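This briefing covers the fold, the two sheets, the helices and a few selected residues. Please keep the structure in view while reading.

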Amino acid sequence: MIKQGKGWRVGWKPNPCTYQGLLGGEDWAMELTSAEMADFCRLLPEINRAVIDISEHLMDEEKIVCEMESELLWLGAEGYPQNYSLRVILSQGRCCEGTWSVEVLPELLKAIQSFHLF
């Protein structure tokens, strides 16, 4: 199953193999293990909630930087609370990195929330 939109892709194949998940942007893609995909699906909504919570303490012109990580990957949000980009870095075994622009995040969040993988 692959879901995609302008500037993003998310995929999952349940059959047993090394890499079951897929994340992609406009010009990049990376395959993820089941554990990495589970962490991404857990951390993406968490970082979005953290950005919203932090925004209550900022002035309108202030930018935000928020990071979350697990043993397997790191997520970083940067920008304004309602308009931020997201960066993902895998940190185990092979190392991969990708970034989504501010326009992509609302659709990416909806797509991840509709995945019922774990």
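A residue is called buried when its relative accessible area is under 20%, and exposed when it is over 50%, with partly exposed in between. The model is predicted. The protein chain contains 2 helices and 8 strands, and their order along the sequence is β-β-β-β-α-β-β-β-β-α. The strands include those of two open sheets, one ordered E1-E2-E3-E4 and one ordered E5-E6-E7-E8.

**Overall shape and burial**

- The radius of gyration of the protein chain is 14 Å, close to the 13 Å given by the globule rule for 118 residues, so the chain is as compact as a globular protein of that length.
- The C-alpha trace spans about 50 × 30 × 25 Å along its principal axes.
- Of the 118 residues in the protein chain, 44% are buried.
- The exposed surface of the protein chain is about 6800 Å², and carbon and sulfur atoms supply 50% of it.
- Counting contacts between residues at least 6 apart in sequence, 41% join residues at least 24 apart.

**Sheet E1-E2-E3-E4**

- This open sheet has 4 strands with antiparallel pairing.
- Strand E1 (2-5) and E4 are at the edges with a single partner strand each, so one side of each has no neighbour in the sheet.
- From one strand to the next, the twist averages 10°.
- H2 packs on this sheet, where it touches E1 and strand E2 (8-12), and its direction makes about 10° with that of E2.
- Strand E3 (residues 21-25) and E4 run antiparallel and are joined by 4 bridges.
- The connection between E3 and E4 is a hairpin through 3 residues.
- Within this pair of strands, Gly 21 has Leu 32 of E4 as its bridge partner, and Leu 23 stands opposite Met 30 in E4.
- In a regular strand, side chains alternate between the two faces of the sheet.
- In strand E4 (residues 29-32), Met 30 and Leu 32 make up the covered face, while Ala 29 and Glu 31 make up the uncovered one.

**Sheet E5-E6-E7-E8**

- The second open sheet also has 4 strands, and its pairing is antiparallel.
- Its edge strands are E5 (64-69) and E8 (97-100), each of which pairs on one side only.
- Neighbouring strands of this sheet are turned by 15° against each other on average, direction ignored.
- Strand E7 (residues 83-90) pairs with E8 in the antiparallel sense over 4 bridges.
- Ile 89 stands opposite Glu 97 in E8.
- Helix H2 (residues 105-114) packs on this sheet as well, touching E7 and E8, and its direction makes about 55° with that of E7.
- Helix H1 (residues 34-55) lies across E5, strand E6 (73-80), E7 and E8, and runs at about 150° to E5.

**Helix H2 and its two faces**

- The buried residues in H2 include Leu 105, Leu 108, Leu 109, Ala 111 and Ile 112.
- Viewed down the axis of H2, its buried residues fall within an arc of 165°, so they line one face of the helix.
- These buried residues of H2 pack against E1, E2, H1, E7 and E8.
- Lys 110 and Gln 113 are exposed residues on the face of H2 turned away from its buried side.

**Selected residues of helix H1**

- Asn 48 lies in helix H1, and counts as buried because its relative accessibility is 19%, against a cut-off of under 20%.
- Leaving aside residues up to four places away in sequence, Asn 48 touches Tyr 84 and Leu 109.
- Leu 109 is one of the buried residues in H2.
- Ala 50 is also found in helix H1, and is buried with a relative accessible area of 15%.
- With residues up to four places away in sequence not counted, Ala 50 touches Cys 66 and Met 68.
- Ala 50 and Arg 94 are 44 residues apart in sequence, and their C-alpha atoms are 28 Å apart in space.

Terms used:
Residues are numbered from 1 along each chain as its sequence is written. This is a predicted model: local features need pLDDT of at least 70, side-chain atom pairs count only at pLDDT 80 or more; totals for chains, interfaces and linings use all residues. Side-chain values use heavy atoms; hydrogens and water are left out. Two strands pair if DSSP finds at least two bridges between them. Axes are lines fitted to C-alpha atoms, for helices over the stretch in contact, and angles run from 0 to 180 degrees between N-to-C directions. Contact means heavy atoms within 4.5 Å. Buried means under 20% relative accessible area, exposed over 50%, partly exposed in between (1.4 Å probe, protein chains only). The radius of gyration is taken over C-alpha atoms; the globule rule is 2.2 Å times the number of residues to the power 0.38. Accessible areas come from the Shrake-Rupley method with a 1.4 Å probe; for residues, only the protein chains shown count as cover. The arc is that of the directions from the helix axis to the C-beta atoms.
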